[in-house]
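Q: I keep meeting words like "domain", "contact" and "core" when people talk about protein models. Can you take me through them on a real example?

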Amino acid sequence: MGILRLSHVDVRVPDLDLATAYYTEVLGLLEVERTAGEVFLKCWDETDHHSLKLSYAPRVGLDLISFKVERDEDLASLESRVEAYGFPVRRTSRGEAVGQGESIRFETPSGQLMELVREVEKVGGLLPKVNPPPFPPQGLRGIAPPRIDHVLVTAEEVGEATRFYTDLLGFRLTEQLLDGNGHQIGVWLERSHSPHDLAVVTGANGGLHHFAFWLDDWDHVRKAADILAYNGVQIDVGPTRHGITRGNTIYFFDPLGTRNEVFTGGYRPDPDFPTITWTEDNIGRAIFYYEGELSERFMKVHT
Amino acid sequence: MGVLRLSHVEVRVPDLELATAYYTEVLGLLETGREAERVFLKCWDEHEHHSVMLRYAPTYGLEHMGFKVEDADDLEECERVVEKYGGQVTRHARGELAPGHGEAIRFDTPTGHRCELVHGMEKVGNLLPRTNPPPRPLGLVGIAPPRLDHIFVTAEDVEEGTRFFKLLGFRLTEQILADDGHQLATWLEVSHTPHDIALVTGPNGGLHHFAFWLDDWNDVRSAADTLAYHGVPIEVGPTRHGATRGYTVYFFDPAGNRNEMFTGGYWVDPDHEPVTWTEAEMGRAIFYYEGAVNQRFFTVHS
């Protein structure tokens with residue numbers, strides 16, 4: 001009941017063909033559908049219509065983050081909670097957005113447009129449902145992650161945003177980074193029994209720090225770095241490990257400047273998982289455990 | 001809401017000292033409690049008091065399996081479900097069944113297994129601090145899996161067992177169908193993984209194996225090194241499953257209970273369309289690389 005997991009991220013790109021080429025050839029996502037100004041992409045193991053939407057726009061940026069809910073009635077109950085909080089909610093009807101049914105949309109206190117959706121068109125994975133091989137079909141290009149994993153956004157007031165995501169939407173706090181005064185400067189939130197589906201760090205309201213795709217293991221992370229380097233993609237950080245989430249990671253930028261991540265590892269928090277706290281003097285190890293420090297670029301650059 | 005995941009297994013062992021030595025030194029679990037006839041163990045990353053209970057008995061096998069529920073009132077709800085099905089349910093107060101144990105209900109499943117649902121087991125913490133923790137503890141011995149993962153039991157009537165677990169909220173992810181269409185084996189989940197419990201055709205009440213989670217294929221290889229070094233009989237693997245897509249190694253504890261180390265798999269939405277394996281492809285369903293299942297794997301259980 002409630003929110004299940006991240007469904008899709010919609011981003012703006014000033015060059016739709018270049019972005020599509022990168023996401024299909026280098027990341028190895030599959031193009032599901034295309035309109036005049038939009039391209040819909042999914043990972044090979046995803047059965048829902050899309051997990052990434054690219055829209056042509058003169059400037060890069062985040063259009064919305066969309067989470068999948070388990071039941072139809074979750075939309076109504078979460079809608080009334082958000083409205084009671086004083087935030088206007090817009091309903092989109094079936095057919096209004098490509099590949100999905102009814103949804104609700106609202107702006108969050110951290111300034112991102114958020115969508116909750118239950119019914120998504122099933123286009124199927126790449127494997128048969130009878131006697132499937134345990135790996136994707138041969139010949140996939142690029143990194144070919146099986147699925148999208150999480151999104152990290154920026155907010156001026158992380159604490160306020162966190163209360164909205166936890167108290168209203170039911171996200172659970174797995175880890176937090178506190179400054180010397182005890183204020184939250186970063187939070188990691190989950191619904192899917194993973195270390196995070198959504199994270200919020202201090203920065204501009206409405207900003208996107210990165211979105212991440214899941215890889216099966218550290219060896220796949222290493223191979224991803226090979227593919228990125230071969231294609232001349234700018235690697236931001238890694239391969240390395242996070243203190244927060246315990247994940248193994250590489251950060252890099254798509255050709256228009258949106259930060260991507262491939263991620264694996266972590267742990268399985270129960271709903272009663274006791275929150276882990278990181279103190280600001282350990283921020284380096286919290287984010288990059290091997291380096292023990294953060295680069296200026298990682299701290300400042302977002303879209 | 002409802003059942004969250006596998007909480008613990010209680011297995012019988014005829015030599016409690018030997019079994020404890022194996023589960024702590026070779027598997028690398030931690031001892032959290034001990035009585036005259038029972039030893040309580042947990043994996044390093046688990047927060048609750050125990051995930052494996054060893055019970056002294058003249059024979060081997062499964063004493064009971066326990067699943068964790070999310071809220072205290074899930075126990076009542078599940079109690080109603082089991083009673084409506086015709087099962088007898090007993091209620092147990094916190095701490096009554098074992099040291100550190102939560103409030104629980106127990107009943108027999110139609111597959112002849114003693115099953116428990118538990119809430120509020122004592123939290124003893126994992127081995128890491130809650131402030132600025134390193135990503136793993138150093139100096140663990142043995143394989144040291146972070147947590148228990150799933151259980152695989154045998155049942156005369158897999159279809160009836162599957163129906164029963166679905167009543168408790170489990171969802172079917174994969175099945176092997178015989179040529180006449182009946183279920184030979186089923187994989188069921190509540191935790192968005194390929195399986196928390198699986199059923200395969202065999203005697204009622206039997207334990208095929210229980211499995212611990214490892215982080216990746218390299219850890220499975222390393223586990224095989226540890227097992228071989230200690231002279232533990234490796235039954236199958238390291239290899240890969242068709243069903244669940246997982247990577248695996250199977251082996252036996254000194255009492256003869258089958259253990260597994262498992263990793264991989266996929267994320268499962270509640271509206272996941274189950275995968276079906278046909279009887280002709282059963283070999284690949286179980287062991288994808290070998291494409292065949294040996295007689296021992298089919299017939300030996302505890």
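Q: How do you know how far apart domain 1 and domain 2 of chain B lie?
A: Take the C-alpha centres: for domain 1 and domain 2 of chain B they lie 20 Å apart. The bounds, 3-119 for domain 1 and 147-299 for domain 2 of chain B, come from an automatic or database domain assignment. Bear in mind that this is a predicted model, where local features need pLDDT of at least 70, side-chain atom pairs count only at pLDDT 80 or more, and totals for chains, interfaces and linings use all residues. Residues are numbered from 1 along each chain as its sequence is written, while chains are lettered from A and ligands numbered from 1 in the order in which they are written.

Q: What makes residues of domain 1 and domain 2 of chain B count as "in contact", and how many are there?
A: Two residues are in contact if their C-beta atoms, placed from the backbone, lie within 7 Å. By that test, 29 residues of domain 1 of chain B are in contact with 29 residues of domain 2 of chain B. On the domain 1 side, strand 1 (3-13) of chain B supplies the largest share, seven residues. Strands (E, at least two residues) and helices (H or I, at least four) are DSSP runs, numbered from the N terminus.

Q: What classes of residue make up that side of domain 1 of chain B?
A: There are 19 nonpolar, six polar and four charged residues. Ala, Val, Leu, Ile, Met, Phe, Trp, Tyr, Cys and Pro count as nonpolar, Asp, Glu, Lys and Arg as charged, and the others, Gly among them, as polar.

Q: What do we find for the domains of chain A?
A: Here the assignment gives domain 1 (3-117) and domain 2 (147-300), with C-alpha centres 20 Å apart. In chain A, 30 residues of domain 1 are in contact with 30 of domain 2. Strand 1 of chain A brings the largest share of the domain 1 side, seven residues.

Q: Why is chain A called as compact as a globular protein of its length?
A: Its radius of gyration, taken over C-alpha atoms, is 18 Å, close to the 19 Å that the globule rule gives for 303 residues, so chain A earns the label. The rule is 2.2 Å times the number of residues to the power 0.38. Chain A has six helices and 17 strands, and its C-alpha trace spans about 50 × 45 × 45 Å along the principal axes.

Q: What makes a residue of chain A "buried", and what share of them count?
A: A buried residue has 20 or more other C-beta atoms within 10 Å of its own (12 or fewer means exposed, in between partly exposed; C-beta atoms are placed from the backbone). In chain A, 48% of the 303 residues count as buried.

Q: Why can we say where the largest nonpolar core lies?
A: A nonpolar core is a set of buried Ala, Val, Leu, Ile, Met, Phe, Trp, Tyr and Cys residues joined through C-beta atoms within 7 Å. The largest has 81 residues, and Tyr23(B) and Met261(B) are among those touching the most other members. Strand 1 of chain B gives the largest share, six residues. Both domain 1 and domain 2 of chain B give residues to this core, so it lies between them. A second, separate core has 73 residues, including Leu116(A) and Tyr165(A).

Q: How many residues of chain B are in contact with chain A?
A: It's 33 residues of chain B, against 32 residues of chain A. Strand 17 (275-278) of chain B gives the most to the chain B side, with four residues.
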